[in-house]
Amino acid sequence: MIDVKIAGPGCKNCEELASRVRAAIERLSIQATLVKVTDYKEIAALGILMTPGLVVDGKVLSQGKLPTEATLESWLLRAAGR
């Protein structure tokens, strides 16, 4: 099971990233926990300087942009060991 965190205050791009990640997890049939982090102190503690941020298994993979669906799928498959 992989641990996925979406970091951001709830802006349009943050919601879009969450939607893309959720869809990729379902499409790939990956076991994952998906958590939204909206508290600024928690976001900073994750190492995110710009939102939206994506953290998978404790590693910051993206911040300040929306990764493509193909990129998200690649990252999630790698994290899941496939």
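Which residues have the most contacts inside the largest nonpolar core? In this predicted model, they are V4, I6, L17, V21, L54, L72 and L76, in a core of 15 residues. Helix 1 runs through much of what follows: six residues of that core come from it, the largest share. Salt bridges also tie helix 1 to strand 2 and to helix 3.

**The cores**

- Four elements each give two or more residues to the largest core: strand 1 (2–7), helix 1 (12–28), strand 3 (53–56) and helix 3 (69–79).
- There is another core, set apart from the largest one, with five residues, including V37, I43, I48 and V55.
- I6 is one of the residues with the most contacts inside the largest core. Leaving aside residues up to four places away in sequence, I6 touches C14, L17, A18, V21, L34, V35, K36, V37, G53 and L54.

**Helix 1**

- Helix 1 has 17 residues, and from first C-alpha to last it reaches 24 Å, close to the 24 Å expected at 1.5 Å a residue.
- On the buried side, look for C14, L17, A18, V21, A24, I25 and L28. Viewed down the helix axis, these buried residues fall within an arc of 130°, so they line one face of helix 1.
- It helps to recall that an α-helix has 3.6 residues a turn, so residues three or four places apart point the same way.
- What lies over those buried residues? The cover includes strand 1, strand 2 (32–37), strand 3 and helix 3.
- Turn to the face of helix 1 that points away from its buried side and you find the exposed residues K12 and E26.
- Just past the end of helix 1, S29 has a positive phi of about 55°.

**The loop before helix 1**

- G10 sits in the loop that joins strand 1 to helix 1. With a relative accessible area of 39%, G10 is partly exposed.
- In sequence G10 and T38 are 28 residues apart, yet their C-alpha atoms are 6.8 Å apart in space.

**Cysteines**

- How many disulfides does the structure hold? The count is zero.
- As a reminder, a disulfide is a covalent bond between the sulfur atoms of two cysteines.
- Is C14 buried or exposed? C14 counts as buried, because its relative accessibility is 4%, under the 20% cut-off.
- C11, at 30% relative accessibility, counts as partly exposed.

**Salt bridges**

- Side chains of opposite charge can pair when their charged atoms come close. Here the count comes to five salt bridges.
- E15 and K36 meet through their side chains at 2.7 Å, N to O. This pair links distant parts of the chain, with E15 in helix 1 and K36 in strand 2, 21 residues apart.
- Both ends of that bridge are partly exposed: E15 has a relative accessible area of 36%, and K36 is at 40%.
- R27 forms a salt bridge with E69, where the closest N and O atoms are 4.0 Å apart. R27 lies in helix 1 and E69 in helix 3, so the pair ties together parts 42 residues apart in sequence.
- R27 also meets E73 in a salt bridge, this one at 2.6 Å, N to O. Again the pair links distant parts of the chain: E73 belongs to helix 3 and R27 to helix 1, 46 residues apart.
- Put these together and R27, E69 and E73 are linked in a network of salt bridges.
- How accessible are the members of this network? R27 is partly exposed at 44%, E69 is partly exposed at 44%, and E73 is partly exposed at 21%.

**A buried serine**

- S62 belongs to strand 4 (residues 59–63).
- Is S62 buried or exposed? At 3% relative accessibility, S62 counts as buried.
- Not counting residues up to four places away in sequence, S62 touches I48, P52, G53, L54, P67 and W75. Of these, I48 is among the residues of the five-residue core, while L54 has a place among those with the most contacts inside the largest core.

Conventions. Residues numbered from 1 in each chain as written. Predicted model: local features only at pLDDT ≥ 70, side-chain atom pairs only at ≥ 80, totals over all residues. Heavy atoms only, no water. Disulfide = S-S within 2.5 Å. Buried < 20%, exposed > 50% of the residue type's maximum accessible area, 1.4 Å probe, protein only. Core = buried A, V, L, I, M, F, W, Y, C linked by side-chain atoms within 4.5 Å. Contact = heavy atoms within 4.5 Å. Expected span 1.5 Å × (residues − 1). Arc of directions from axis to C-beta.
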